[in-house]
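Let's take a walk through a protein model, looking at charged pairs, pockets and a few odd spots along the chain. Keep the 3D view open while you read.

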Amino acid sequence: MIYIPSRMGQLNRRALVRQLQKLGVASRAELAKALGMSQPTAGKIVDELLASEILEEIELPAANGETPGRGRPGRQLRLNQSKSSMLAIQLGLQETTVASLSLGGSGEDKWHHAFSLDPHEASPARAWEKQLKLAARKIDATHLRGVLLSVPGIVDESKNRILFSPNLHWTETVDMAAIVRRVWNAPVFLIQEERALALGHHQINPGCDDFLLVDFGEGVGGAVIMDGKPLANPLPISGEIGHTPVLGNQRRCGCGAVGCVETLVSLRGLMKSFSEAQQVRKPTWAGLQACITRNGIPAWLAQSLDAAAMAIVGPLNVIGLRRVVITGSLAELPATVISHLAQAVQNGSMWAKFGTVECVAAPRHRTAGLVAVGIDRLIVPDTKSGEFAPLEISKRITTPSRT
């Protein structure tokens, strides 16, 4: 009999925090009404979350400069923006970036520290840990609740394990979470990077509940959001759009296969094709941008975009989606590139015969996605399945290791 109210309290806290994520700011009464809770119940939860510094109260000026009346009409609630309580780490092929995050931070990605490893490093895991320790000296971790690590490849998030990373094979054989915990004594969660990007896009655009996000960069990957949640899969693999084979493509991919589409439209693939077409030994990204602006889309790029579009169309037709969000390097090229890709997606999509298929470019919102994961797993975890260990609603104080 004790379990039921505890479970209800847990669900109510999750609902209230998620509602505040959507609204940004709200009064106690507004939250109670939106959630169908009694005001005393909502008030009790709010008081607990305020005491644990998950929420904070702010005073908003009255409309038109009018003086507020009795009570506290100007007092509003929001997720705490005054204190950094989580760390975000982005593990990239060339660079690792680190940022301190607040629960109510803005959607703009701002990385406070960055470092690179020597590509010929004999022990990349050891070198990476050393660089993390150097970064820790510059970061205030007094109120640290946890660390969110965005990683590429096939990731078993429930077990905090990278199963396969085509471009960073060294991460497959080490315990990345354990390395981070040796630097910061706090819970660590690994998040597949495209899932973080998709969650971030939804967090910044809460009305966008159903879409396929495709990110172009060092690789090409995707993630699906349906009904405002990541698509659940029976296996820890999804969105591997970049490893769709392209007939006639003879380039070898980091995954070991030949002909993957990401060998054509990843950053490396684009620059290789540009170099071959222009016979330039050291091509630059700015040079590619200028070439497209000046001459339009070259034939080699049009063929690569068409191949990418077919890899995108497959999930749309199978799952039943009509919205594609493109982030990363392709979104940095002239708008004609996304227009060409969008038309190719439209041409291949079954839904286009009955309605409209959207394909739009958007900025990356990785840190917003990592905050969303942190709130879901650290702040108001759902422990019914026992998948994630519960945390008391209390302020965590940890000190980074200096060794």
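Start with Asp 47 and Arg 28, whose side chains meet in a salt bridge at 3.0 Å, N to O. Keep in mind that this is a predicted model. Asp 47 sits in helix 3 and Arg 28 in helix 2 (residues 28–35), so the pair ties together parts that are 19 residues apart in sequence. Asp 47 counts as partly exposed at 41% relative accessibility, and Arg 28 is also partly exposed, at 26%. These two don't stand alone: salt bridges with shared partners join Arg 28, Asp 47, Glu 57, Glu 59 and Arg 75 into one network.

What makes such pairs possible? Side chains of opposite charge can pair when their charged atoms come close. The count for this model comes to 18 salt bridges. Here are some of them:

| Salt bridge | Closest N to O |
|---|---|
| Asp 47 and Arg 28 | 3.0 Å |
| Asp 376 and Arg 14 | 3.0 Å |
| Arg 195 and Glu 157 | 2.7 Å |

Look at Asp 376 and Arg 14, which meet in a salt bridge. Asp 376 belongs to helix 12 and Arg 14 to helix 1, so this pair ties together parts that are 362 residues apart in sequence. Is Arg 14 buried or exposed? Arg 14 counts as buried, because its relative accessibility is 9% and the cut-off for buried is under 20%. Asp 376, at 27%, is partly exposed.

Next, find Arg 195 and its salt bridge partner, Glu 157. Arg 195 is in helix 6, while Glu 157 is in the loop between strand 7 and strand 8 (161–164), so parts that are 38 residues apart in sequence get tied together. Arg 195 is partly exposed at 22%, whereas Glu 157 is buried at 9%.

Now for the hollows. Rolling a probe the size of a water molecule over the atoms shows where empty space is left. The largest pocket has a volume of about 1300 Å³. It is lined by 42 residues, and Arg 195 and Asp 376 turn up again here: along with Leu 199, Lys 229 and Pro 230, they lie nearest its centre. Among the elements giving two or more residues to this lining are helix 1 (3–23) and helix 6 (193–204). Which element gives the most to the lining of the largest pocket? That's helix 12, with 5 residues. By type, the lining of the largest pocket divides into 17 nonpolar, 10 polar and 15 charged residues.

The second largest pocket has a volume of about 680 Å³. Its lining has 38 residues, with Leu 93, Gly 217, Glu 218, Gly 219 and Arg 364 nearest the centre. Helix 6 is one of the elements that give two or more residues to this lining as well. The lining of the second largest pocket splits into 10 nonpolar, 17 polar and 11 charged residues.

Finally, some loop residues. Glu 53, between helix 3 and strand 1 (55–59), has a phi near 65°, a positive value in a residue other than glycine. Asp 227, in the loop between strand 11 and strand 12, also has a positive phi, near 55°. Asp 227 is exposed, at 64%, while Glu 53 is partly exposed, at 23%.

For a last stop, Phe 354 sits in the loop between helix 11 (335–348) and strand 14 (358–361). Phe 354 is exposed, at 63%, and it joins Met 350 and Trp 351 in a nonpolar surface patch of about 360 Å².

Methods. Residues numbered from 1 in each chain as written. Predicted model: local features only at pLDDT ≥ 70, side-chain atom pairs only at ≥ 80, totals over all residues. Heavy atoms only, no water. Patch = residues over 30% accessible without salt bridge, like charges linked within 9 Å, V, L, I, M, F, W, Y side chains within 5 Å. Areas by Shrake-Rupley, 256 points an atom, 1.4 Å probe, with all protein chains shown as cover. Salt bridge = Lys/Arg side-chain N within 4 Å of Asp/Glu carboxyl O. Helix = DSSP H or I, 4+ residues; strand = E, 2+ residues; numbered from the N terminus. Buried < 20%, exposed > 50% of the residue type's maximum accessible area, 1.4 Å probe, protein only. 1 Å grid on protein atoms, 1.4 Å probe; cavity = no way out; pocket = protein on both sides within 12 Å on 5 of 7 lines; lining within 4 Å. Points joined across faces, edges and corners; volume = space filled by probe spheres on them. Nonpolar A, V, L, I, M, F, W, Y, C, P; charged D, E, K, R; others polar.
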